[in-house]
There are 2 protein chains.
Amino acid sequence: MKHPPGGRRAAFPRFPDAPPPQSVAELETPAAVVDLDRLAHNLEAMATYSALHGLSLRPHVKTHKSPRIAAEQVRLGAVGLTCATTRELEVMADVSRDLLLAYPAIGSAKLARLMTLPRETRITVAVDSATAIEQLASTARVVDREIGVYIELDVGMKRVGVATAEQAVELARLVWRSPPLRYAGIAFYPGHIRERVSEQGPAIEQLNADLGRTIRALERQGLTPPVVSGGSTPAAWRMHEVEGLTEVRPGTYVYNDRVTAAIGACSWDDCALTVAATVISTSVPGQVVIDAGAKALGREPMRGAEGEGYGALLDRPELVVSRMSEEHGIIELGDSDWKPKIGDMVRVVPNHVCIVVHLFDEIHGVRNDMVETTWPVEARGRGPVRKD
Amino acid sequence: MKHPPGGRRAAFPRFPDAPPPQSVAELETPAAVVDLDRLAHNLEAMATYSALHGLSLRPHVKTHKSPRIAAEQVRLGAVGLTCATTRELEVMADVSRDLLLAYPAIGSAKLARLMTLPRETRITVAVDSATAIEQLASTARVVDREIGVYIELDVGMKRVGVATAEQAVELARLVWRSPPLRYAGIAFYPGHIRERVSEQGPAIEQLNADLGRTIRALERQGLTPPVVSGGSTPAAWRMHEVEGLTEVRPGTYVYNDRVTAAIGACSWDDCALTVAATVISTSVPGQVVIDAGAKALGREPMRGAEGEGYGALLDRPELVVSRMSEEHGIIELGDSDWKPKIGDMVRVVPNHVCIVVHLFDEIHGVRNDMVETTWPVEARGRGPVRKD
């Protein structure tokens, strides 16, 4: 795999294998299109924020699933990468030698695949149960491979993670006495923080109280966490207020989306990925149908609220995709002054970009409405990477 | 491409390239798993129904996107196949020489790709606008290729299709005088019929009234439709009550899903596709977390209703995936007597199976909990088919 050349700043580099430029208007739709300047700005902004506050940046690749972008994140200072799936790990092992699986690896199929990652790759896994630790340790022993372990804390999302300091201590001790596992620290995902950025103060205070209690309990047992890892894109810009935090793992920030803009963690102009779609029918008065439906946009709500549509037009954010079939998206025109014609191309900012990337095999990188490069979403899917 | 051997009935055939059997329990999760006996039963049931009522069966491939299953549909008597995307057309051209694009082909990229299908493939396109007819005719003229055209009617779904008999006559006339287009008939999608099968009578009556008006108007103008094409899986079993109908296009029936069972268009035991998932966390009391989230199950509602979850356990349908992240599904246990342990495998019947198939690259065909064969979801995605 070729990595993009480094050196330029604040502009996503051109790739040597770039095809001759093509206009966005010539693409077959639906197509996933990324504004390269916005992408470069987003990558730069998070790298700068993390560096400024002395936080290690370990971006989550689930959003882009693309080694090219991961390589750019590393070039801009990321200490390593965060993954959710075994395929993401396999693909990203070509880019970074320091990978975190922010997901419990359960079951022999997944564990075996984890152990076949290149030996020179340093692997850490976030776990929240004795079972996960025991499975990981026994598999690691078979291949005699050191695996780092973060103890996953639940700080309010009620998804995974232990809820009390006592449980965290207990699991950390278990890791400590389970070689070849290495106790690497603690991790949390503040996915419950979905307020607007300016209103996140109380949630951060609560997080500091809970996290502080766990850190102190670990310290008292001689289990001071080497790394305290947390963070998401919605809460990314206030992570420097979290006491003891050493590492952040935002993912969505590379592309951003309608939810992120609504939270105020990016501006509308920072939304780098859009789904290009074509108006295919105007038969029903008061609406248009575009060729991007649930198989292109996903069916993700706005911050838990139904009825706000599944994406909005980039240049007319008041117009939303309000109904969908698999391959149809319906935009109700209301009192808009837009006079759509069949064949018109629109650009839809999706609600949740990570879901959209998982629906496309390739991404078109554009600048000034010209397609400058196209890259595969190499870590999409589940199977082993196909080597030709 | 190899097609499955024919000859056996009521049992999906074994494939010559089948790998050595593997237990479902050994699969890395999440995985899409199809019960081969249920699949065979579903294929057989629809073929029998259509034959019994003298309806031509042109199944929609969007549900399975797999040439193997399409070939089985053809073997069981399908007159051709229905597609929604250009990639589906390209893949299915290897299986059938009679393909319907039940989708307006708009824009030069899509039209050009349509025209590069093998010359021996008979192509029909369903359209609902003069613009679509003009674009299709002018492209077909360039390559001197006959293309069949269905005029798409809106019979109540308010998505695509013309609403009045007059508009249908007008578009049929336009096709008639736009060689090399061939006026092939009319088409509709009764996607608004989502009542339980036993309660669909009034909707069918309304459909007969509307459809009859359009057919008579066309007849009066000497534009008798050679084909009247309609149908969906929810309304599939009452399509023989639609007067004048000659062709049906169900898709979902091959696998079925939770919505189809709720409508009564299949039984729970006809749900052939499940997502195999593993319990990865039990940290939060009263719930378990499985490794199938929105990137494996989609976020499709039950018949428009929110709050009923995104899928249900095959052997405990009262337990549903009530919340999801990208890679996490949360099942609330309520007063269930299930005592889940980390590592337990569950099988989730998704709400909407067509969305799930689009999320996986391969499907495992199982019988008696053994993986008998694995096939690629070859028409998933958008790009051209990769020929090795």
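**Questions about a predicted two-chain model**

Author: Start with helix 1 of chain B, where the buried residues are B:L36, B:R38, B:L39, B:A40, B:N42, B:L43, B:M46 and B:S50. Bear in mind that this is a predicted model.

Reader: What makes a residue such as B:L43 count as buried?

Author: The cut-off is 20 or more other C-beta atoms within 10 Å of the residue's own C-beta. B:L43 is listed as buried in helix 1 of chain B, so by that definition B:L43 reaches the cut-off.

Reader: And what covers the buried residues of helix 1 of chain B?

Author: The cover includes strand 2 (31-35), strand 3 (56-57), helix 2 (67-75), strand 10 (247-248), strand 17 (362-367) and strand 18 (370-376) of chain B. Just after helix 1 of chain B comes B:G54, with a positive phi near 65 degrees.

Reader: How do you know that the span of helix 1 of chain B is close to what is expected?

Author: Helix 1 of chain B runs over residues 36-52, which is 17 residues, and its first and last C-alpha are 24 Å apart. The yardstick is 1.5 Å times one less than the number of residues, and for this helix that gives 24 Å, so the span is close to the expected one.

Reader: Why is the sheet of eight strands in chain B called open?

Author: Look at its ends. The order is 3-10-9-8-7-6-5-4, with parallel pairing. Strand 3 and strand 4 (81-83) of chain B are the edge strands, and each pairs on one side only.

Reader: What makes strand 9 and strand 10 of chain B a pair?

Author: A pair needs at least two bridges. Strand 9 (residues 227-230) and strand 10 of chain B have two, and they run parallel, so they qualify as a pair. Along the way, B:G230 sits opposite B:V248 of strand 10.

Reader: Over to chain A. Why is strand 11 of chain A called largely enclosed?

Author: Because nine of its nine residues are buried. Strand 11 of chain A also has several partners. Strand 2 (residues 31-35) of chain A joins it antiparallel through four bridges, with A:A31 partnered by A:A276. Strand 16 (residues 345-350) of chain A is antiparallel to it over four bridges too, and there A:A277 has A:V346 as its bridge partner. Strand 12 (residues 287-290) of chain A adds two bridges, again antiparallel, with A:V279 opposite A:I290. In the hairpin of strands 11 and 12 of chain A, five residues lie between the strands, and A:G286 has a positive phi near 85 degrees.

Reader: How do you know that the two copies are related as by a two-fold rotation axis?

Author: A turn of 180 degrees, with a shift of 0.0 Å along the axis, lays chain A on chain B with an RMSD of 0.0 Å. The copies are therefore related as by a two-fold rotation axis. In chain A, the C-alpha nearest that axis belongs to A:R299, at 2.9 Å.

Reader: What makes you say the copies meet through the same surface?

Author: 100% of the interface residues of chain A are interface residues in chain B as well, so it is the same surface in both copies. Each side has its own count: 52 residues from chain A and 52 residues from chain B. Among the elements that give two or more residues on chain A's side are helix 5 (130-143) and strand 11 (273-281) of chain A. By class, the side of chain A that touches chain B has 18 nonpolar, 16 polar and 18 charged residues.

Conventions. Residues are numbered from 1 along each chain as its sequence is written. Chains are lettered from A and ligands numbered from 1 in the order in which they are written. This is a predicted model: local features need pLDDT of at least 70, side-chain atom pairs count only at pLDDT 80 or more; totals for chains, interfaces and linings use all residues. Copies are superposed by least squares on the C-alpha atoms of residues with pLDDT of at least 70 in both. Two residues are in contact if their C-beta atoms, placed from the backbone, lie within 7 Å. A residue is buried if 20 or more other C-beta atoms lie within 10 Å of its own, exposed if 12 or fewer, and partly exposed in between; C-beta atoms are placed from the backbone. Ala, Val, Leu, Ile, Met, Phe, Trp, Tyr, Cys and Pro count as nonpolar, Asp, Glu, Lys and Arg as charged, and the others, Gly among them, as polar.
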